[in-house]
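Here is a friendly walk through one protein model, written for someone at the bench. Keep the sequence and the 3D view open side by side as you read.

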Amino acid sequence: MSHNQLDAKSQAWSALFTEPMSELVQRYTASVFFDRRLWKADIQGSLAHAEMLAAQGIISAQDWADIQRGLQQIAHEIETGTFEWKLALEDVHLNIEARLTQLVGDAGKRLHTGRSRNDQVATDVRLWLRDEIDGLVTLLRELQAALVRVADEHVETILPGYTHLQVAQPVSLAHHLLAYVEMLARDEERMLEVRRRVNRLPLGSAALAGTTYPLDRARVARTLGMVDERGEPQLCLNSLDAVSDRDFAIEFTAAASLIMVHISRLSEELILWMSQNFGFIRLADRFTTGSSIMPQKKNPDVPELARGKTGRVVGHLMALLTLMKGQPLAYNKDNQEDKEPLFDTVDTLRDTLRIFVDMIGGERDPATGQRTGGLTVNRAAMEAAARKGYATATDLADYLVKQGVPFRDAHETVAAAVRLASERGVDLSELPLHELQRFHPAIGADVYDVLSLPGSLAARATVGGTAPAQVRSQLQRHRQRLAGWV
């Protein structure tokens with residue numbers, strides 16, 4: 001078997017170099033201990049590349065068979081934990097190629113024909129990220145479905161809607177939860193759009209200028225599933241751009257940041273709602289912790305930590321943007337720094353979505369259809385809070401407008417009525433009719449229909465409103481969209 005140049009990688013890059021890389025520089029420049037998670041994508045891309053090289057007559061059928069056999073053995077070694085990862089070989093790509101050459105000799109050396117690590121790593125990251133996006137889209141749907149299931153049980157549950165964290169108007173709890181479903185649905189759309197741009201093939205661009213070998217890049221794209229909805233191969237069409245840009249990673253991290261922002265907003269509400277001052281909900285004990293000193297405490301650690309981890313993901317977005325901002329064409333070593341922020345973004349988002357699916361939805365008993373665990377709602381506390389803040393004041397103003405009173409006059413009239421109710425410590429609906437009529441003679445006995453919390457909800461029947469009929473319509477739309485998940 002011929003000499004394997006990669007065995008001497010720690011001594012010198014090639015005959016051009018006269019001294020080995022120092023140990024400190026090896027550690028500083030190596031990525032193998034974090035980028036080795038790309039090994040499946042690396043083998044997948046190498047198999048597609050080698051198959052194409054054989055089909056084009058660039059390597060022999062025997063070389064192709066040897067490469068297949070060697071890569072299958074390497075995959076087995078990695079899966080069983082017997083593969084030796086070497087710092088001196090820098091990254092996942094050279095570690096696999098060196099081991100392949102040990103196993104199959106010259107055929108392993110021919111694998112790299114017509115490609116560079118520049119287009120190889122860009123391909124590996126795209127393949128890996130594409131698969132991760134598929135898993136994240138599944139989790140986004142599961143979380144939407146969990147929220148829809150809870151909402152379905154609480155169409156008639158009333159809580160105060162807030163602006164400026166002040167009681168504003170009563171809303172259905174289902175309506176409130178469906179607001180997050182809408183956010184997550186847009187997040188899903190964004191992820192699928194990002195996936196389409198991730199799913200493009202850089203391989204064949206070589207180092208930066210393409211290659212002199214007669215590669216069939218479209219064949220490789222088809223083999224790797226880098227095709228559009230019509231089955232047409234999707235290629236990066238400029239070799240300089242293909243190897244050097246990481247906008248697909250930045251775009252993914254931006255979409256991930258938005259998801260985390262939405263999760264953070266939901267977390268903030270869960271934290272408030274769980275506090276004793278609200279008492280709207282209870283989270284299952286497995287998602288909370290106690291206090292080391294105060295035995296009465298039950299802390300919402302999971303939503304608090306999700307709120308904190310949002311800053312972590314947004315920070316990764318800023319890191320990737322900064323990474324790219326000053327790079328000239330084409331590939332630069334800076335781009336090695338794209339992986340850890342990207343990997344951690346995926347890990348953080350995946351774990352957050354998984355835990356929120358369980359924390360919100362719990363588990364449904366297939367026999368009874370009842371949920372166990374998950375979010376527990378205190379309907380009475382929510383309704384009592386809605387009564388405290390004069391949430392139907394706007395309804396009284398709307399009532400007067402419908403009687404022909406100009407809105408600004410109606411606004412002032414209701415403000416005076418609220419002041420009286422506040423002084424007496426009662427709700428607007430508890431003021432006697434004759435006292436309400438003192439504020440305006442247009443007020444009739446039917447005013448109590450609009451001052452009730454259910455009446456207020458029912459009156460907001462425009463598309464997208466909180467009326468139960470509208471909420472049920474929206475629930476049906478989401479159930480159809482999430483068919484198979486709800």
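Is L165 buried or exposed? L165 is exposed, with a relative accessible area of 53%; here buried means under 20% relative accessible area, exposed over 50%, and partly exposed in between, using a 1.4 Å probe and protein chains only.

## Before you start

This is a predicted model, in which local features need pLDDT of at least 70 and side-chain atom pairs count only at pLDDT 80 or more, while totals for chains, interfaces and linings use all residues. Residues are numbered from 1 along each chain as its sequence is written, and side-chain values use heavy atoms, with hydrogens and water left out.

## Backbone details

Let's stay with that first residue. L165 lies in the loop between β1 and β2, where strands (E, at least two residues) and helices (H or I, at least four) are DSSP runs numbered from the N terminus. The phi of L165 is near 60°, a positive value in a residue other than glycine. H164 is found in the loop between β1 (158-163) and β2 (166-172), and its phi is near 60° as well. H164 is exposed, at 76% relative accessible area.

Another place to look is the peptide bond between L329 and A330, which is cis, with omega about 10°. A330 is found in the loop between α12 (301-324) and α13. For background, most residues other than glycine have a negative phi, and most peptide bonds are trans.

## Aromatic rings

How many aromatic pairs are there? The count comes to 5, taking rings of Phe, Tyr and Trp (its six-membered ring) as paired if their centres lie within 6.5 Å; planes under 30 degrees apart count as stacked, over 60 as edge-to-face and the rest as tilted. One of the pairs is formed by W128 and F343, edge-to-face, with 4.9 Å centre to centre and 70° between the planes. W128 sits in helix α7 (residues 117-152) and F343 in helix α13 (residues 339-361), so this pair ties together parts that are 215 residues apart in sequence. W128 is buried at 9% relative accessibility, and F343 is buried too, with a relative accessible area of 4%.

Elsewhere, ring pairs link Y162, W273, F278 and F280 into a cluster. There is also a charge over a ring: the charged end of R126 sits over the ring of F248, 4.2 Å from its centre. The rule for this asks that NZ of Lys or CZ of Arg be within 6 Å of the ring centre and within 35 degrees of the ring normal.

## Distances across the chain

Try selecting R130, which lies in helix α7 and is buried, with a relative accessible area of 7%. The C-alpha atoms of R130 and V198 are separated by 6.4 Å, although these residues are 68 residues apart along the chain. V261, in helix α11 (residues 247-274), is partly exposed at 33% relative accessible area. Between V261 and R307 there are 8.0 Å in space, C-alpha to C-alpha, and 46 residues in sequence.

V227 belongs to the loop between α9 (217-223) and α10 (239-244) and counts as partly exposed, at 27% relative accessibility. The C-alpha atoms of V227 and F356 are separated by 33 Å, with their positions 129 residues apart along the chain.

## The cavity and an annotated span

Which residues line the largest cavity? They are A386, R387, Y390, A391, T392, D427, L451 and L453. A cavity is a set of points on a 1 Å grid over the protein atoms alone where a 1.4 Å probe fits but cannot get out, and lining residues have an atom within 4 Å of a point. The count comes to 1 cavity of 30 Å³ or more, and about 40 Å³ of space lies in the largest; grid points are joined across faces, edges and corners, and the volume is the space filled by probe spheres set on the points. By class, the lining has 5 nonpolar, 1 polar and 2 charged residues, with Ala, Val, Leu, Ile, Met, Phe, Trp, Tyr, Cys and Pro as nonpolar, Asp, Glu, Lys and Arg as charged, and the others, Gly among them, as polar.

Finally, an unreviewed UniProt entry carries the annotation "domain: Argininosuccinate lyase C-terminal" for residues 390-457; positions are given in the numbering used here, feature names are shortened, and annotations may be inferred rather than shown by experiment. In the model, residues 390-457 are 66% helix and 0% strand, and the end C-alpha atoms of this span lie 14 Å apart.

Notes:
1 Å grid on protein atoms, 1.4 Å probe; cavity = no way out; pocket = protein on both sides within 12 Å on 5 of 7 lines; lining within 4 Å.
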